[in-house]
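Please open the model in your viewer and keep the selection panel at hand. The stops below go from one selection to the next.

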Amino acid sequence: MNTAHHMLLYGCGEPGTMKTTWNCGEMAQSSGEDMVSPCGPHSHSQIIYAWARDAKKLNLPEGVGFKVGKDSPTKYLVLQVHYAHIDKFKDGSTDDSGVFLDYTETPRKKLAGTLLLGTDGIIPPMKTEHLETACEINENKVLYPFAYRVHTHGLGKVVAGYRVRSDSDGVQQWLQLGKRDPLTPQMFYNVSSHEPIVAGDQIAVRCTMKSTRHRVTKVGPTNEDEMCNFYLMYYVDHGETLDMKFCFSQGAPYYYWANADTGLHNIPHIQASNLIL
């Protein structure tokens, strides 16, 4: 983590360019180089894996794998490495940060998918703010969650994810999928509940941010900005994974779970280390 701030492994239909390496975002803004996304502009794009803060390796459950190549929409794997500081490279030093992958040509019966939930938004100076998002599962598939990962920058205090399902009385029951201090190793952890997720359920995520800055902090890619991400890794025991790969909201001050148009109610209190969120 003292070299690479975090890494993202993308599955692409086409890469952003056929170059071996390229600048993919904020680095290009200061260098004057062209900015090219990890995946092509009209290509299939999904985040398969993410790493940060000296996270340990991820082992998938027995018989579970990500489908790539051949008749899969993922034809290329692109590794995106984020560096918080580049001082150690100014003398010409290089880096070999990366990800080791295990693969097999024997098809897996259980296909893995990753759903990335996140927000846009603004965090006011010297205040605690909630960045929240929620999306309904509207595909006729049964998802078996097995791992989750959270990601913020320095202002994050806790990130929590839930499955929201209405009971027979119409009351929404919030089942915790995972809750984490985002400043601990940002690896994939076992979910709090392996209960299946089905069509009609909602996945809801809250990031609690506490600003000690005397300026507004926006959601963005650099270390001066913030992020609110919750990665939910799941598998299906037959058929394909979700077509939906991402679930993002406008975030604060525009989107909150409590807004009338979200349809969310019975919202739980989320507690972490002396802070009622």
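Select H6 to begin: this residue is buried, with a relative accessible area of 3%, where buried means under 20% relative accessible area, exposed over 50% and partly exposed in between, for a 1.4 Å probe and protein chains only. The model is a predicted one, in which local features need pLDDT of at least 70 and side-chain atom pairs count only at pLDDT 80 or more, while totals for chains, interfaces and linings use all residues. Residues are numbered from 1 along each chain as its sequence is written, and side-chain values use heavy atoms, with hydrogens and water left out.

H6 sits in strand 1; strands are DSSP runs (E, at least two residues), numbered from the N terminus. If you display its contacts (heavy atoms within 4.5 Å) and leave aside neighbours within four places in sequence, you will find W51, A52, Q80, V81, H82, R149 and H151.

Now add H5, which belongs to the segment before strand 1 (6-12) and, at 23% relative accessibility, counts as partly exposed. The side chains of H5 and H6 are joined by a polar contact of 2.8 Å, that is, a pair of N or O atoms within 3.5 Å; within protein, one must be able to donate a hydrogen and the other to accept it, and residues adjacent in sequence count only if both atoms are side-chain atoms. Not counting residues up to four places away in sequence, H5 touches, among others, H82, H151, H153 and N223.

Extend the selection to H5, H6, H82, H151, H153 and M227, where an unreviewed UniProt entry places the feature "binding site". These residues are spread over 223 residues of sequence, yet they cluster in space, with a largest C-alpha distance of 13.4 Å. The UniProt positions are given in the numbering used here, the feature names are shortened, and annotations may be inferred rather than shown by experiment.

Next, select K67 and E240, whose side chains meet in a salt bridge (3.0 Å, N to O), defined as a side-chain nitrogen of Lys or Arg within 4 Å of a carboxyl oxygen of Asp or Glu. Because E240 lies in the loop between strand 14 (229-236) and strand 15 (246-249), and K67 in the loop between strand 3 (64-65) and strand 4 (76-82), the pair ties together parts that are 173 residues apart in sequence.

Add D71, which is exposed at 60% relative accessible area and whose side chain forms a salt bridge with that of K67 (3.6 Å, N to O).

Notes. Helix = DSSP H or I, 4+ residues; strand = E, 2+ residues; numbered from the N terminus.
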